[in-house]
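Student: Please take one well-covered part of this model and look at it closely. Then work outward from there, and keep the sentences short.

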Amino acid sequence: MEIAEPVLDWYGEHARDLPWRRRGTSAWAVLVSEMMLQQTPVARVLPAYEAWLERWPAPAGLAAEPAGEAVRMWGRLGYPRRALRLHEAAVTITERHRGVVPADVAELLALPGVGAYTARAVAAFAYGRRHPVVDTNVRRVVARAVQGQGDAGPPATARDLAAVEALLPVEPARAARFGVAVMELGALVCTARAPRCGLCPVRDRCRWRAAGSPPYDGPVRPVQTFAGTDRQVRGLLMAVLRAADGPVEAPALAAVWADGTQRGRALDGLVADGLVDPLPDGRFALPGSVAPAAQLTHPHG
Ligand code: SF4
């Protein structure tokens with residue numbers, strides 16, 4: 001089924017002006033934006049993206065700093081392991097690719113934190129290559145318009161990539177633009193809860209709509225909760241560490257969550273993930289922010 005033409009026309013008129021889509025955006029900036037957007041909404045990513053690129057306009061600048069600075073700059077974007085992975089990716093790009101983000105999907109996939117989605121997003125959006133770029137929004141549009149289902153169900157990478165590949169225009173630059181266009185359609189019009197079919201450029205050929213928009217009855221993804229979870233406690237602990245100029249005493253961390261068992265579990269998880277360094281003197285620091293020698297000679301040690 002052909003949906004590229006109307007979706008591209010619609011995108012030309014209705015696309016949001018987002019900084020990472022502007023002409024001349026570096027591949028590094030596209031990679032940063034994609035890592036941030038993986039699990040965080042656009043509105044929260046915008047200021048963090050600008051600040052990040054102002055401080056580290058190229059991977060080498062980030063690679064030269066401790067990983068803890070990446071975690072600090074990550075701020076409240078959530079899932080801060082992404083900051084560590086982005087730092088590791090910057091080191092790899094600097095050491096193995098002379099500071100230039102690779103354009104090849106296989107090389108991109110070899111970078112820390114870069115999965116099937118991000119590798120193809122960078123290759124397509126930064127370098128204009130022809131690859132299917134599949135995120136939740138794209139999967140939903142394809143499930144509805146092409147497959148006639150109300151929801152895409154759980155992801156299946158190979159099948160999802162093939163379904164989107166079949167829709168791509170032949171010409172690489174056009175295919176890359178279609179990738180971002182169909183994503184935008186899913187974000188703005190074909191939304192999960194209330195698709196605005198009256199505004200949709202493919203409403204005349206959408207199979208789900210033609211079938212009367214039947215409710216989805218296939219397998220569903222588990223819903224994630226937040227309040228009261230270890231993830232919430234991890235966020236509170238990280239906020240204390242980010243706000244401090246140096247290492248933090250244990251009582252400062254204890255103050256953010258009363259349940260010591262859950263707090264301990266969350267802190268252990270952060271240490272295991274490499275997001276927090278436990279120091280020999282019992283304090284805690286962002287990773288790499290305190291040199292090993294300084295840890296041993298600290299007056300409180
Ligand atoms: S017609 Fe409605 S359901 Fe179909 S693709 Fe457009 S917005 Fe989605």
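Tutor: The buried residues of helix α2 pack against five helices: α3 (42-55), α4 (59-63), α5 (67-74), α6 (81-96) and α8. The model is a predicted one. Helix α2 itself spans residues 27-37, and 10 of its 11 residues are buried, leaving the helix mostly covered. Which residues of α2 are buried? They are Ala27, Trp28, Ala29, Val30, Leu31, Val32, Ser33, Glu34, Met35 and Met36. Note that Glu34 is one of the buried residues.

One of the partners of α2 is α8, so follow that helix next. Helix α8 covers residues 116-125, and its axis comes within 8 Å of the axis of α11, residues 172-188. The two axes cross at roughly 125 degrees. At that angle, α8 and α11 are therefore oblique to each other. The crossing is left-handed. On the α8 side, Tyr117, Ala124 and Phe125 make the contact. On the α11 side, the residues are Ala176, Gly179, Val180 and Met183. By class, this contact has 6 nonpolar residues, 1 polar and no charged.

Helix α11 also packs with α1. Helix α1 runs over residues 4-14, and its axis and that of α11 are 9 Å apart, at an angle of about 70 degrees. That makes α1 and α11 roughly perpendicular, because angles from 65 to 115 degrees count as such. From α1 come Ala4, Glu5, Val7, Leu8, Trp10, Tyr11, Gly12 and His14. Facing them in α11 are Arg174, Arg177, Phe178, Val180, Ala181, Val182, Glu184, Leu185 and Leu188. The residues of this contact divide into 11 nonpolar, 2 polar and 4 charged. Val180 appears in the contact with α8, and Val180 appears again in the contact with α1.

A third link to α11 comes from α9. The buried residues of α9 pack against α10 (157-165), α11 and α12 (207-210). Is α9 enclosed or open? Of its 11 residues, 10 are buried, so α9 is largely enclosed by the rest of the structure. The buried set is Asn137, Val138, Arg139, Arg140, Val141, Val142, Ala143, Arg144, Ala145 and Val146. That set includes Arg139, Arg140 and Arg144. Now the two ends of α9. At its start, a side-chain oxygen of Asp135 comes within 3.1 Å of the backbone nitrogen of Asn137. After the helix comes Gly148, with a positive phi near 75 degrees.

Take one of those arginines. Arg139 sits in α9, residues 136-146. Why does Arg139 count as buried? Its relative accessibility is 9%, and the cut-off for buried is under 20%, so Arg139 qualifies. A polar atom of the Arg139 side chain lies 2.8 Å from the backbone oxygen of Gly153. Beyond four places in sequence, Arg139 is in contact with Val134, Ala152, Gly153, Pro154, Pro155, Ala156, Asp160 and Arg221. Gly153 is thus among the contacts of Arg139.

Go back to α5 and α6, both partners of α2. The loop between α5 and α6 holds Tyr79. Tyr79 has a positive phi of about 40 degrees, although it is not a glycine. Its relative accessible area is 22%, so Tyr79 is partly exposed. The side chain of Tyr79 is joined to that of Arg231 by a polar contact of 3.3 Å. Arg231 is found in α13, residues 230-243. With a relative accessible area of 31%, Arg231 is also partly exposed. Not counting residues up to four places away, Arg231 touches Tyr79 and Phe226. How far apart in sequence are Arg231 and Gly78? They are 153 residues apart, yet their C-alpha atoms are 9.0 Å apart in space.

On the other side of α6, look at Arg98. It lies in the loop between α6 and α7 (105-109). Phi of Arg98 is positive too, near 50 degrees, and this residue is not glycine. Arg98 is exposed, at a relative accessible area of 81%. Set that beside Arg139, buried at 9%.

How values were computed:
Residues are numbered from 1 along each chain as its sequence is written. This is a predicted model: local features need pLDDT of at least 70, side-chain atom pairs count only at pLDDT 80 or more; totals for chains, interfaces and linings use all residues. Side-chain values use heavy atoms; hydrogens and water are left out. Axes are lines fitted to C-alpha atoms, for helices over the stretch in contact, and angles run from 0 to 180 degrees between N-to-C directions. Helices (H or I, at least four residues) and strands (E, at least two) are DSSP runs, numbered from the N terminus. Angles under 35 degrees count as roughly parallel, over 145 as roughly antiparallel, 65 to 115 as roughly perpendicular and the rest as oblique. A crossing is left-handed if the near helix is turned anticlockwise from the far one by less than a right angle, and right-handed if clockwise. Contact means heavy atoms within 4.5 Å. Ala, Val, Leu, Ile, Met, Phe, Trp, Tyr, Cys and Pro count as nonpolar, Asp, Glu, Lys and Arg as charged, and the others, Gly among them, as polar. Buried means under 20% relative accessible area, exposed over 50%, partly exposed in between (1.4 Å probe, protein chains only). A polar contact is a pair of N or O atoms within 3.5 Å; within protein, one must be able to donate a hydrogen and the other to accept it, and residues adjacent in sequence count only if both atoms are side-chain atoms.
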